[in-house]
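Trainee: May we go through the architecture of this structure step by step, with the reasoning set out for each answer?

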Amino acid sequence: MAYSDKVLDHYSNPRNVGALDKSDPSVGTGVVGAPECGDVMKLQLRIRDDGVVEDAKFKTFGCGSAIASSSYVTELVKGKTVDEVLAIKNTHIVEELSLPPVKIHCSVLAEDGIKAAIADWKKKREGAPAVPAQKKTA
Amino acid sequence: MKTPIYMDYHATTPLDPRVLDAMLPYFGTVFGNAASRSHGFGWEAEKAVDTARAQVAALINAKPKDIVWTSGATESDDLAIMGVAEFYKEKGNHIVTQVTEHKAVLDTCRHLERTGKATVTYLPVDTTGMISVDDLRKAITDKTVLVSIMFVNNEVGTIQPIAEIGKICRERGVLFHCDAVQGASLLPIDVDAMHVDLLSLSAHKMYGPKGVGALYVRSKGPRVRLTPIIHGGGHERGMRSGTLNVPGIVGFGKAAELAKASMADEAQRIAGLRRRLHEGIVSQLDEVYLNGHPVHRHPGNLNLSFAYVEGESMLMGLNGSVHALASSASLPAIAVSSGSACTSATLEPSYVLKALGVGEDLAHTSIRFGLGRFNTQEDVDYVIERVVTEVRRLRDLSPLYEMAKEGIDLASVAWQRE
């Protein structure tokens with residue numbers, strides 16, 4: 001498979017790899033995908049009280065396109081408001097990275113990941129008891 | 001050191017230069033049709049084909065006349081299975097095979113099932129990829145006409161107990177077909193001692209050219225009959241019509257001769273390289289799992305699952321894709337393959353690993369290293385270094401590795417599935 005230069009660049013030099021403190025009330029964490037499906041993305045956003053994303057981190061288990069999609073999306077969301085982030089569509093990621101049809105699900109996962117991170121942040125703000133996003137409740 | 005390193009010898013092998021030398025005249029001055037009986041051009045071509053027939057036959061201890069030339073092992077498998085099913089349809093309609101066969105066998109069996117021409121039993125394999133001979137014995141019925149079990153698996157390298165299987169088939173009066181594409185150049189095959197009746201071979205898996213294969217068809221004790229699948233002209237004892245690919249056949253013959261002459265030494269050398277590769281990797285990385293049989297495996301096969309690292313992302317780090325970027329342009333590419341879904345057309349992980357009971361999560365992380373004739377110790381050391389570097393880098397990127405290190409049981413996580 002031929003990869004676009006942008007996918008190769010993000011794969012080789014992924015941006016914003018790492019983790020933010022899950023227990024920090026200003027941090028939203030989204031974990032999407034499943035190991036047996038071959039991709040899992042963890043996206044974390046630190047969001048200011050005024051709703052602006054000030055930091056983003058990711059870790060991804062998946063193919064090069066999945067790594068590139070999550071790396072790109074962390075760049076994309078920084079400095080944006082929550083509403084702007086929620087308006088991001090996977091098709092934007094597909095276009096930016098020139099993903100082939102067989103890799104569109106990678107962009108969908110990245111979109112789901114940022115949305116899950118924001119949902120987690122909102123839940124924390126509403127004062128609901130924090131449920132770790134990736135743990136099954138017994 | 002910029003030459004790419006080829007470690008995918010199960011997919012295909014490079015042509016040995018000695019094979020190419022043997023073939024060249026047959027692209028030039030010696031161009032006759034081996035079926036032309038009326039002049040020297042034909043006689044010369046026929047002579048070359050006869051020499052090759054003897055060379056390929058010698059590799060498996062067969063009689064030269066029992067070798068039928070084909071276009072490759074897929075055709076050989078098709079001819080063996082379809083040919084037996086059709087010819088012996090009055091005798092029975094049951095075939096026994098196993099779940100990790102090559103698609104050339106499995107798809108042919110499914111075709112016979114779909115068209116109502118056969119019922120097929122697919123024997124399971126254990127976690128090492130081995131069938132149980134007891135299962136086989138029980139699966140044979142009075143309607144069974146053929147057993148088709150491969151010699152060496154192309155993904156995980158497991159070697160099936162061919163001699164035992166052959167003995168059972170002979171005792172029960174059932175024909176035995178063996179797809180011996182993998183391993184025929186490194187492991188001794190004796191069709192008489194192993195009681196094999198039909199055996200598929202491919203030239204390009206043993207340093208010969210692509211587009212030529214053979215089917216061994218036993219002519220005596222018992223005489224095996226086949227209904228042809230390609231008609232016209234009655235070449236190859238009527239079993240496979242069509243003008244012979246003389247240069248290809250000459251190359252196949254030479255490749256078989258070279259394999260027979262170097263087999264013992266080469267198998268030992270390659271197994272040594274494989275051991276070095278395996279030890280070099282597992283001594284530096286945790287959670288690396290061997291797929292296939294720990295002992296009964298192809299000398300050049302190493303199939304490993306690198307937990308928490310998806311196979312395609314690993315290939316991308318090794319195969320030269322990223323060399324488009326100047327920073328790593330000086331690194332030689334490494335050619336290996338993966339059982340990950342992302343590398344397959346169907347987006348399903350390897351059916352072979354699944355049959356061995358390897359979980360889908362680990363199947364996605366599998367890499368197959370296939371070592372062969374032209375690999376060196378230097379290649380192996382370089383591959384170890386690159387694999388270790390890539391796995392560490394990708395594990396630093398992997399949320400699964402992070403979670404596992406935090407002590408989270410990944411099996412208990414409620415994953416959000418697509």
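The following exchange treats a predicted model, taking chain A, then chain B, then the contact of the two chains.

Trainee: In the sheet of chain A with the order 1-2-3, which strands stand at the edges?
Mentor: The sheet is open and has three strands with antiparallel pairing. Each edge strand has a single partner strand, so one side of each is left without a neighbour in the sheet. The strands at the edges are strand 1 (27-34) and strand 3 (53-61) of chain A.

Trainee: By how many degrees are neighbouring strands of this three-stranded sheet of chain A turned against each other on average?
Mentor: The strand order in the sheet is 1-2-3. With direction ignored, the average turn between neighbouring strands is 10 degrees.

Trainee: Which residue is the bridge partner of Arg46(A) in strand 3 of chain A?
Mentor: Strand 2 (residues 39-47) of chain A runs antiparallel to strand 3 of chain A, and eight bridges join them. The partner of Arg46(A) in strand 3 of chain A is Asp55(A).

Trainee: Which strands of chain A does helix 2 touch, and what angle does its direction make with that of strand 3?
Mentor: Helix 2 (residues 64-77) of chain A packs on the sheet. The strands touched are strand 2 and strand 3 of chain A, and the angle with the direction of strand 3 is about 175 degrees.

Trainee: At what angle does helix 5 of chain A run to strand 1 of chain A?
Mentor: Helix 5 of chain A has 22 residues and reaches 32 Å from its first C-alpha to its last, close to the 32 Å expected at 1.5 Å a residue. After helix 5 of chain A comes Gly127(A), with a positive phi near 80 degrees. Helix 5 lies across strand 1 and strand 2 of chain A, and its angle to strand 1 is about 145 degrees.

Trainee: How are helix 4 and helix 5 of chain A oriented to each other?
Mentor: Helix 4 (residues 90-97) and helix 5 (residues 104-125) of chain A have axes 8 Å apart and pack at an angle of about 130 degrees. Helix 4 of chain A passes helix 5 of chain A in a right-handed crossing. The two helices of chain A are therefore oblique.

Trainee: Which residues of helix 4 of chain A meet helix 5 of chain A?
Mentor: On the side of helix 5 of chain A, the residues met are Ile104(A), Ser107(A), Val108(A), Ala110(A) and Glu111(A). By class, this contact of helix 4 with helix 5 of chain A has five nonpolar, two polar and one charged residues. The residues from helix 4 of chain A are Asn90(A), Ile93(A) and Val94(A).

Trainee: Where is Ser98(A) found?
Mentor: Ser98(A) has a positive phi, near 50 degrees, although it is a residue other than glycine. Its place is the loop between helix 4 and helix 5 of chain A.

Trainee: Turning to chain B, which strands stand at the edges of its sheet with the order 2-8-7-6-5-3-4?
Mentor: This open sheet has seven strands with mixed pairing. Each edge strand has a single partner strand, so one side of each is left without a neighbour in the sheet. The edge strands are strand 2 (67-70) and strand 4 (119-123) of chain B.

Trainee: Which residue in strand 4 of chain B is the bridge partner of Val96(B)?
Mentor: Strand 3 (residues 94-98) and strand 4 of chain B pair in the parallel sense over five bridges. The partner of Val96(B) in strand 4 of chain B is Thr121(B).

Trainee: Is helix 3 of chain B roughly parallel or roughly antiparallel to helix 4 of chain B?
Mentor: Helix 3 (residues 73-87) and helix 4 (residues 103-114) of chain B pack at about 30 degrees, with their axes 9 Å apart. Because angles under 35 degrees fall in that class, the two helices of chain B are roughly parallel.

Trainee: What is the omega of the peptide bond from Gly221(B) to Pro222(B)?
Mentor: Pro222(B) is in the loop between strand 8 and helix 7 (246-282) of chain B. The bond from Gly221(B) to Pro222(B) is cis, with omega near -5 degrees.

Trainee: Which elements give two or more residues to the side of chain B that touches chain A?
Mentor: In this contact, 30 residues of chain B meet 31 residues of chain A. The elements of chain B are helix 8 (311-318), helix 10 (360-363) and helix 12 (399-405).

Methods:
Residues numbered from 1 in each chain as written. Chains lettered and ligands numbered in written order. Predicted model: local features only at pLDDT ≥ 70, side-chain atom pairs only at ≥ 80, totals over all residues. Axes fitted to C-alpha atoms, helices over the stretch in contact; angles between N-to-C directions. Helix = DSSP H or I, 4+ residues; strand = E, 2+ residues; numbered from the N terminus. Parallel < 35°, antiparallel > 145°, perpendicular 65-115°, else oblique. Left-handed = near helix turned anticlockwise from the far one by under 90°. Contact = placed C-beta atoms within 7 Å. Nonpolar A, V, L, I, M, F, W, Y, C, P; charged D, E, K, R; others polar. Expected span 1.5 Å × (residues − 1). Pairing = 2+ DSSP bridges.
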